[in-house]
Amino acid sequence: MFCLPEAVQTCLDTLEAAGYESWVVGGAVRDLCRGKIPADYDLATAAEPEVVAGLFERVIRTGIRHGTVTVCLGKTAIEVTTFRTDGAYTDRRRPDRVAFVGSIDADLARRDFTVNAIAYHPARGLYDPFDGRGDLERRLLRTVGDPPCRFSEDALRILRLYRFACQLDFRIDPATADAAKALSDRLESLSRERIRAELLRALCSPKPGRLADLLDTGALAFLGVKSGDLAALEALPDGALPRFVGFCRLVGCDPDALCLALRSDNRFRRDAAALAAALARPLPENLPALKRQLRELPLQRWGDLLALHAALCGSDPAPVEKMLRRLEAQPEPYLPAHLPIDGNDLRALGFSGRQVGEVLEALLSRCIDEPSCATREALLQLASRMR
Ligand code: ATP
Ligand code: MG
């Protein structure tokens with residue numbers, strides 16, 4: 001029914017030839033049923049992890065404690081997980097222990113949503129005990145089993161629920177939505193890194209506006225995130241940086257504080273702060289003003305900035321785009337490094353210490369207003385008059 005990549009087929013065949021029932025599961029089956037090409041494949045198998053590891057030449061054993069062995073065939077990495085249940089989740093983060101079970105049924109029953117609990121095998125076809133395919137057709141997200149139980153076991157599922165709603169543009173079944181909202185105070189117990197990963201995936205999706213329902217319950221208030229209408233984010237490029245900065249603006253929180261709360265890396269934090277600061281300024285109205293702002297925000301971020309201005313402030317990006325194109329066609333200096341002289345030239349003229357930087361700044365400012373001054377002769381002459 002579905003055409004599987006050769007490596008995935010080989011992996012299934014090897015496991016089954018050794019006598020172990022095996023299936024393609026998870027997001028790959030969901031994608032195949034929707035006519036999308038899966039980015040990666042997960043297999044579930046009756047074989048225990050050590051057996052799986054013994055059947056293939058190249059394996060990565062990082063997840064072996066939880067039953068997962070990554071099998072490498074050619075350039076393809078396939079996650080092979082032994083049929084399992086998850087046991088209890090006393091810290092609401094990860095199962096205390098996993099128990100290997102003999103059947104695909106129990107394995108599918110531990111999965112989060114019906115659309116993620118479909119199994120496929122080329123010879124046996126689809127195995128879909130929770131009517132995941134029906135829900136795919138209805139474009140509906142529903143937990144496998146009792147929603148309050150499933151969210152109490154693992155609060156990450158609450159975020160996954162809204163992330164999938166945003167990515168797939170699916171509705172959430174009322175009983176599932178009610179339980180998710182009622183238990184949303186449990187999100188505080190999750191690791192900040194996991195919250196960040198799910199939040200960014202939701203924000204970078206086609207329908208980030210679907211997150212608003214969760215925010216309305218105050219679910220992320222512990223991170224300083226209030227509620228807001230996020231539909232405007234759809235008009236932005238789908239990169240993490242513009243979506244995150246737009247999100248902060250719409251929910252009224254400080255990007256730097258949120259980066260800290262979510263343990264974002266320093267580079268993301270710095271870039272988000274620079275983009276948010278640029279968004280807080282009016283767009284430049286002339287070329288010198290644009291060049292001065294280019295010192296604060298590098299050229300490669302201006303696409304994001306203009307999209308943010310257009311989507312959130314209703315500004316027309318066209319005049320700035322025109323100036324940027326002109327600057328690209330005819331470069332003019334706007335950074336000290338663009339000047340045809342440097343600190344050594346100024347020291348040769350007798351400047352020293354802090355003066356060197358100050359004079360360079362003054363010369364740059366002059367060149368920004370009057371690009372025709374940007375020749376060595378003119379600048380050295382201007383500098384010698386400053387002594
Ligand atoms: P994507 O890869 O796009 O995030 P996915 O559905 O493949 O989507 P994964 O995180 O790769 O999601 O997980 C693979 C499968 O494992 C899921 O489809 C689901 O069946 C199951 N799963 C993952 N996380 C959970 C969880 N927290 N609780 C229950 N089942 C889960
Ligand atoms: Mg996946």
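Accessible areas here come from the Shrake-Rupley method with a 1.4 Å probe. The model is a predicted one, and the exercises below work from its overall form towards single residues.

**Exercise 1. Find how much accessible surface the protein chain has and what share of this surface belongs to carbon and sulfur atoms.**

Solution. The accessible surface comes to about 18200 Å², and carbon and sulfur atoms hold 49% of that area. Turning from the surface to the interior, one finds that 47% of the 387 residues of the protein chain count as buried.

**Exercise 2. Decide whether the protein chain is more spread out or less spread out than a compact globule.**

Solution. Begin with the secondary structure, which consists of 19 helices and eleven strands. For 387 residues the globule rule gives 21 Å, whereas the radius of gyration of the protein chain is 28 Å, well over that value, so the chain is more spread out than a compact globule. Next, consider the box that the C-alpha atoms fill along the principal axes, which is roughly 90 × 50 × 40 Å. Finally, among contacts with a separation of 6 or more, 62% join residues that are 24 or more positions apart.

**Exercise 3. Test the length of helix H18 against its expected span, and identify what its buried residues pack against.**

Solution. Helix H18 covers residues 354-369, and at 1.5 Å a residue its 16 residues should span 22 Å; the end C-alpha atoms are 23 Å apart, which agrees. The buried residues, taking under 20% relative accessible area as the cut-off, are Val356, Val359, Leu360, Leu363, Leu364, Cys367 and Ile368. These buried residues of H18 pack against helix H14 (287-296), helix H17 (343-348) and helix H19 (376-385).

**Exercise 4. Describe the surroundings of Val8, leaving aside residues up to four places away in sequence.**

Solution. Val8 lies in helix H1, which runs over residues 6-17. With a relative accessible area of 0%, Val8 is buried. Beyond its sequence neighbours up to four places away, Val8 touches Val24, Tyr41, Leu43 and Ile78.

**Exercise 5. Locate Asp169 and Arg263, and give the sign of phi for Asp169 and for Arg263.**

Solution. Most residues other than glycine have a negative phi. Asp169, however, has a positive phi near 55°; this residue lies in the loop between helix H7 (156-168) and strand E11 (171-172), and at 26% relative accessibility Asp169 counts as partly exposed. Arg263 likewise has a positive phi, of about 55°, without being a glycine. Its place is in the loop between helix H12 (255-261) and helix H13 (266-280), where Arg263, at 47% relative accessibility, counts as partly exposed.

Terms used. Residues are numbered from 1 along each chain as its sequence is written. Chains are lettered from A and ligands numbered from 1 in the order in which they are written. This is a predicted model: local features need pLDDT of at least 70, side-chain atom pairs count only at pLDDT 80 or more; totals for chains, interfaces and linings use all residues. Side-chain values use heavy atoms; hydrogens and water are left out. Helices (H or I, at least four residues) and strands (E, at least two) are DSSP runs, numbered from the N terminus. The radius of gyration is taken over C-alpha atoms; the globule rule is 2.2 Å times the number of residues to the power 0.38. Buried means under 20% relative accessible area, exposed over 50%, partly exposed in between (1.4 Å probe, protein chains only). Contact means heavy atoms within 4.5 Å. The expected span of a helix is 1.5 Å times one less than its number of residues.
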